[in-house]
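Reader: I'd like to go through this one with you and ask how each label was earned. Could you show me the chain?

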Amino acid sequence: MTNLLNFDALVFLHNSDEILDSDGKDNLFSYLTSGGNLIGIHSATAALFNTSFYGKAFGAFFDYHPDLQPATFIPLNVSHPSTASLPARWTFTEEVYYFRSNPRDNDVTVIMSVDPASYNDTTTHTAAQEDQIQGTPHPIAWFRDGNQQGLDLVNTNGNEGTFKGRMWYTSLGHEISTWQNQTYQNHILNGIQWVLNSTTKAVISTPGLTNPGSGGGQGSSGSGASSDRPVTITSLPLQAAALIVAGAAALV
């Protein structure tokens, strides 16, 4: 896993199904339990369903979504950088994800929900059933700050370890038009920056992640790290501190 240790964070982006072989899963487990940080976007939770530590690290596995349609999303915690700049009611065309379990059971803080009256779910699931399965309010985006409390994981071989890094996940991002929207871009980049500001792993100094007016902090580096104050898309020139895992990939 030498190469993985060169990255402050792994980004799972629009993945689905069985994206890693057994060696890749072992290397991912070693990375996470060695201080690594984790980021998931949209269908990252719809992968590796038979790898329990992957779902636990992210908080929950994807279950299903109603038809693609306009829906209104609601920030629950505007103190987090990834939601601080969002409107109180954010309406656009999206897949509203439902999950197989309550991510809060894995020590996450849910920071975004959805207005259930803003879209139609034609499945046979009732709202009460879904609340019991995935918790209420409906989880859409969440984070875990592993610096405060680690999460115990067990890999496919029965080996145990603790995931102490940061994790941030958003289920939004299905449409190309969403990715072209600056509000969404800021949501994503502020989430990534928050993860890279973790103190559990500091691979490289990333001056490009310094917030404007933060006094010259150095992103994910230990001393002088920048604050978690939100930034805009134009003020965040991302460095090669995060490895993006899109589609099937080999983690070595």
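Author: Here are some labels with the reasoning behind them, and do keep in mind that this is a predicted model.

Reader: Why is Leu-48 called buried?

Author: The cut-off for buried is under 20% relative accessible area. Leu-48 has 1%, so Leu-48 counts as buried. Leu-48 sits in the loop between β2 (37–41) and α2 (52–58), and takes a positive phi of about 50° although it is not a glycine.

Reader: What makes His-14 partly exposed?

Author: Partly exposed lies between the buried limit of 20% and the exposed limit of 50%. His-14 comes out at 31%, therefore His-14 is partly exposed. His-14 also has a positive phi of about 50° without being a glycine, and belongs to the loop between β1 (9–13) and α1 (22–32).

Reader: How do you know that β9 and β10 pair?

Author: Pairing needs at least two bridges between the strands. Strand β9 (residues 151–154) and strand β10 (residues 160–163) have 4, so they pair, and they run antiparallel. One of the partnerships is Leu-153 with Gly-161 in β10. The hairpin has 5 residues between the strands, and there Gly-158 takes a positive phi near 90°.

Reader: Which side chains of β9 point to the buried face?

Author: Leu-151 and Leu-153 do, while Asp-152 and Val-154 point to the other face and are not buried. In a regular strand, side chains alternate between the two faces of the sheet.

Reader: What makes the bond from Thr-136 to Pro-137 cis?

Author: Its omega is near 0°. Pro-137 lies in the loop between α4 (127–134) and β8 (141–145).

Notes: Residues numbered from 1 in each chain as written. Predicted model: local features only at pLDDT ≥ 70, side-chain atom pairs only at ≥ 80, totals over all residues. Heavy atoms only, no water. Buried < 20%, exposed > 50% of the residue type's maximum accessible area, 1.4 Å probe, protein only. Helix = DSSP H or I, 4+ residues; strand = E, 2+ residues; numbered from the N terminus.
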